Structures are given as C-alpha cells and as structure tokens.
Amino acid sequence: MRKTLFERRSIRAYKSDQIKENELDYVLGAGLYAPSGRNFQSTVMVAVQNPDLVKKLSVMNAEIMGTDTDPFYGAPTVVIVFANPEYPTHFEDGCLTMGNMLNAAYEAGLGSCWIHRARQMFESDAGKELMRQWGVPESYVGIGNCILGYADCQLPTPAARKDGRIIKL
Ligand SMILES: Cc1cc2nc3c(=O)[nH]c(=O)nc-3n(C[C@H](O)[C@H](O)[C@H](O)COP(=O)(O)O)c2cc1C
C-alpha cells in the first residue's frame, strides 16, 4: 500500500496488448469499494475495451481539447466514471472512485492515467447517445476517464513536491 501510494505515476505510453480480465476486475472492484458520501454509492463505471469504441471516445475527447492527437496515449482500456448528480457528494464520490482505480491499477502492475473532459464528453449529444446505449441514466455526470494498459515506458520520476502544502499545528 505504501509503495502504491508513493510510487504510482501517470503513464502516457501503452503497449497495444489488452489487459487481462482479472486485472480489469481488480481495478473495477477497487472503484466499487471507494468511500462515498453517506454510502450512497453514487457512481457507475463503464469499462470500454472495444478498439473502435475506445477510438471514438478518444476522438470525442480530443475534439474537446481542440487537437487531433490521442488523449488516451494508445491505452487499450478506458473506464469512464459517472456519478448521479442527485447526491450532493457525487463529484467527490466520483473522484475517489477514480483515485481508488488509479492506485489499484498500479498494484495490479498496470499503467493508468486520469484523462479529463469526461463531463464535456457526456454532455454532448454523441455522449448522451452512448449513455443511452450503455444503460447509464442521461442525467449522470461524467467525472473522469481512467485509462488502463501495460506501460510502454519507464515509471516517470515524480515532480518535486511544492513547499508549504502541509501545515502542522
Ligand atoms: C483531475 C485530473 C485530470 C487529469 N487530466 C489529465 C489529462 O487529461 N491528461 C493527462 O495526460 N493527464 C491528466 N491527469 C494526470 C496528471 O497530469 C498527473 O496526475 C499529474 O501530473 C501528477 O503526476 P502523477 O500522477 O504521475 O503523480 C489528470 C489528473 C487529474 C487528477
């Protein structure tokens, strides 16, 4: 656990090999067991491994950024976290679900990275259509995209921590 919390890093280069089902299940389980406000469990995770669909999501994300590069860095799996906005802690619940998955991915020997712009992706007509197909209520909010795969790079060195971020009284 200590190693995971301090050594996990965002990975931005992936092999094309798909991850194993037990590895994906481990990461999803960690998301499922993340803390949530009043234990409302307001999040839903959608795991996407179909290459055409991963590509479609990548293009949607890139368009929001205004680029034509792959914001998923070639990762073969994307888990989208949605949260039910009826719950006041939905955003925080979603962020913790993402955090648990990122740490679990490292523990499982996978590379991972939080990819932003899920909210905008799933506010769009194309995003709402996908949510309909997936059985995710259209009112749910996209919190983050957790990309997963086998790293095709060394573990990056962490940036130095900024001063003044801990105040002990
Ligand atoms: C809310 C959030 C959004 C992020 N969005 C992106 C993103 O769109 N693309 C990306 O490459 N990394 C993204 N990251 C990863 C951060 O850049 C990364 O966590 C940060 O640089 C620290 O590096 P580390 O995760 O290796 O410690 C995001 C991280 C968070 C928490």
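**Which residues are around the ligand?** Keep in mind as you work that this is a predicted model.

## Exercise 1: The ligand and its surroundings

Task: List the residues around the ligand, sort them by class, and find polar side-chain atoms that lie beside its oxygen atoms.

Solution:

1. Start with the list. Around the ligand you find Arg8, Arg9, Ser10, Arg12 and Tyr73, together with Cys113, Trp114, Ile115, His116 and Arg117.
2. Now sort this shell by class: 4 residues are nonpolar, 2 are polar and 4 are charged.
3. Next, look at distances. Arginine 9 has a polar side-chain atom 3.1 Å from an oxygen atom of the ligand. For tyrosine 73, the distance from a polar side-chain atom to a ligand oxygen is 2.5 Å. Arginine 117 also places a polar side-chain atom 3.1 Å from an oxygen atom of the ligand.
4. Finally, consider the cover. On its own the ligand has 620 Å² of accessible area, and the protein covers 60% of it.

## Exercise 2: The two faces of helix 2

Task: Check the span of helix 2, then work out where its buried and exposed residues sit.

Solution:

1. Helix 2 takes in residues 21–32, which makes 12 residues. At 1.5 Å a residue, the expected span is 16 Å. The C-alpha atoms at its ends are 16 Å apart, so the model agrees with the expectation.
2. Pick out the buried residues of helix 2: Glu23, Leu24, Val27, Leu28, Ala30 and Gly31.
3. These residues cover an arc of only 155° around the axis, so they lie on the same side of helix 2.
4. A general rule helps here: an α-helix has 3.6 residues a turn, so residues three or four places apart point the same way.
5. Turn to the face that points away from the buried side of helix 2. There you meet the exposed residues Glu21, Asn22 and Leu32.

## Exercise 3: The loop between helix 2 and strand 1

Task: Decide whether Tyr33, Ser36, Arg38 and Asn39 are buried or exposed, and say which have a positive phi.

Solution:

1. Tyrosine 33 lies in this loop, between helix 2 and strand 1. Its relative accessible area is 72%, so tyrosine 33 is exposed. Between the C-alpha atoms of tyrosine 33 and valine 136 there are 19 Å, and the two residues are 103 residues apart along the chain.
2. Serine 36 is in the loop between helix 2 and strand 1 too. Because its relative accessibility is 17%, serine 36 counts as buried. Its side chain reaches the backbone nitrogen of phenylalanine 40 at 3.4 Å.
3. Arginine 38 is in the loop between helix 2 and strand 1, and its 74% relative accessibility makes it exposed. Asparagine 39 is in the loop between helix 2 and strand 1, and counts as exposed at 53%.
4. For the phi angles, recall that most residues other than glycine have a negative phi. Arginine 38 has a positive phi of about 55°, and asparagine 39 has a positive phi of about 55° as well.

## Exercise 4: Asparagine 50

Task: Place asparagine 50 in the chain and say what its side chain reaches.

Solution:

1. Asparagine 50 belongs to the loop between strand 1 (43–48) and helix 3 (51–65).
2. Its relative accessibility is 41%, so asparagine 50 counts as partly exposed.
3. The side chain of asparagine 50 reaches the backbone nitrogen of aspartate 52 at 2.8 Å.
4. Threonine 77 is 27 residues from asparagine 50 in sequence, with 8.1 Å between their C-alpha atoms.

Definitions and conventions:
Residues numbered from 1 in each chain as written. Predicted model: local features only at pLDDT ≥ 70, side-chain atom pairs only at ≥ 80, totals over all residues. Heavy atoms only, no water. Near = heavy atom within 4 Å. Polar contact = N/O pair within 3.5 Å; in protein donor to acceptor, adjacent residues only side chain to side chain. Areas by Shrake-Rupley, 256 points an atom, 1.4 Å probe, with all protein chains shown as cover. Nonpolar A, V, L, I, M, F, W, Y, C, P; charged D, E, K, R; others polar. Helix = DSSP H or I, 4+ residues; strand = E, 2+ residues; numbered from the N terminus. Expected span 1.5 Å × (residues − 1). Buried < 20%, exposed > 50% of the residue type's maximum accessible area, 1.4 Å probe, protein only. Arc of directions from axis to C-beta.
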